[in-house]
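Okay, thanks for coming, everyone. Let me put the sequence and the model up, and then I'll walk you through how the pieces pack.

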Amino acid sequence: MAVDLTGKVIIITGVSSGIGAATAVECARAGMDLVINARREDRLKRVAESVKGLGRRAAIVTGDVTEAGISERMLDAAEKEFGSFHSVFANAGYGMTKQVLDNTDEQLRRMFDVNFFAGVELLRAAGRRLLRSGRSGHLLMCSSCLSKFALPNHGAYSATKAAQNSICSAMRHELKSHGIDVSSVHPITTTTEFFKVSASVSECDPTNADLPKHSPRMFVQPPERVARAVVRCLRRPCSEVWTSHIVRTVAGAMTAFPRFYDWSIARAAPPD
Ligand SMILES: NC(=O)c1ccc[n+]([C@@H]2O[C@H](COP(=O)([O-])OP(=O)(O)OC[C@H]3O[C@@H](n4cnc5c(N)ncnc54)[C@H](OP(=O)(O)O)[C@@H]3O)[C@@H](O)[C@H]2O)c1
């Protein structure tokens, strides 16, 4: 039976743009109240207004996801404002375009801190509270199709996404008997600020920011498509959220046949 989302509360990170902003609005449309997080407060206020326009409420917790104690602050905000929470979506993240040997240690660690450790901390903190209170719930993390096949020049990013995928798979089985679902989300190229941020972090050719424009249209999607898929998964929990059957199939084939992966990458995405 589908989960009735009306009046349920979700905590989402990375809501100041892209997939997070679209998902917040889609959750409100589904009847949910929200706690929303990112560093840019003016953007969060705009999303909160959209949520309000849909007849729901959004509490804002501004800050960097790597700040000490921020996960607990988001969970406290949900319990204070709304009494409890049903789900969390650890979505905040960014990309970087650099060969692995060119990454500094600091860049590698920062990327794992934001993309992996901060999300894991939020899921763990939320999972513990759900277990303590005996409530069911749903924990989601925004991974990527690149969790299944790494791209040259995106090694560090792909590694963080693969780590997210692995930890969600393990947690799914650890928490299932407690009525807590765990899902990983695997978007393909999505038209957000992601590519602009990635080009700026990587101090590389800003034309990289236009990547979605140069990709075949069938492999590019708007953030609203991911948002709708996330809400479908909240209603009917599934292990992995995919928005492209083709990419999902190719990713499966690459995992099963490493020589197919090597052949495809050499043809389609040779390193610079
Ligand atoms: N776009 C794609 O093609 C694509 C494909 C697969 C997976 N994804 C994943 O989708 C997720 C969302 O990305 P997007 O495409 O929506 O990109 P985006 O438009 O750049 O949004 C990223 C969001 O994360 C927030 N964020 C980044 N670093 C943060 C930090 N240290 N603390 C708090 N918030 C932080 C940003 O907010 P502030 O800057 O205001 O803090 C922003 O709201 C990411 O995990 C990304 O890896 C994206």
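So, how closely do the axes of helix α4 and helix α5 come, and at what angle do they cross? Before I answer, some housekeeping. This is a predicted model, where local features need pLDDT of at least 70 and side-chain atom pairs count only at pLDDT 80 or more, while totals for chains, interfaces and linings use all residues. Residues are numbered from 1 along each chain as its sequence is written, and side-chain values use heavy atoms, with hydrogens and water left out.

Right, the answer: the axes of α4 (residues 105-133) and α5 (residues 155-175) come within 9 Å, crossing at roughly 15°. That makes α4 roughly parallel to α5 (angles under 35 degrees count as roughly parallel, over 145 as roughly antiparallel, 65 to 115 as roughly perpendicular and the rest as oblique). Axes here are lines fitted to C-alpha atoms, for helices over the stretch in contact, and angles run from 0 to 180 degrees between N-to-C directions. Helices (H or I, at least four residues) and strands (E, at least two) are DSSP runs, numbered from the N terminus.

Who's touching whom? Contact means heavy atoms within 4.5 Å. On the α4 side we have, among them, Leu-108, Phe-112 and Leu-123, and α5 brings residues including Tyr-157, Ile-167 and Met-171. The residues of this contact divide into 15 nonpolar, 3 polar and 2 charged (Ala, Val, Leu, Ile, Met, Phe, Trp, Tyr, Cys and Pro count as nonpolar, Asp, Glu, Lys and Arg as charged, and the others, Gly among them, as polar).

Now, α4 has another partner: its axis and that of α3 (residues 70-82) come within 9 Å and cross at roughly 40°. Those two are therefore oblique to each other. Here Ser-71, Glu-72, Leu-75, Asp-76 and Glu-79 in α3 meet α4 residues including Glu-121, Leu-122 and Arg-129. The split for this contact is 5 nonpolar, 1 polar and 5 charged.

On to the sheet. It's open, has 7 strands with parallel pairing, and runs in the order β3-β2-β1-β4-β5-β6-β9. Two strands pair if DSSP finds at least two bridges between them. At the edges sit β3 (58-62) and β9 (240-242), each pairing on one side only. Strand β2 (residues 33-38) pairs with β3 over 5 bridges, and Asn-37 stands opposite Val-61 in β3.

Last bit: helix α2 (residues 41-53) packs on this sheet, touching β2 and β3, and its direction makes about 170° with that of β3.
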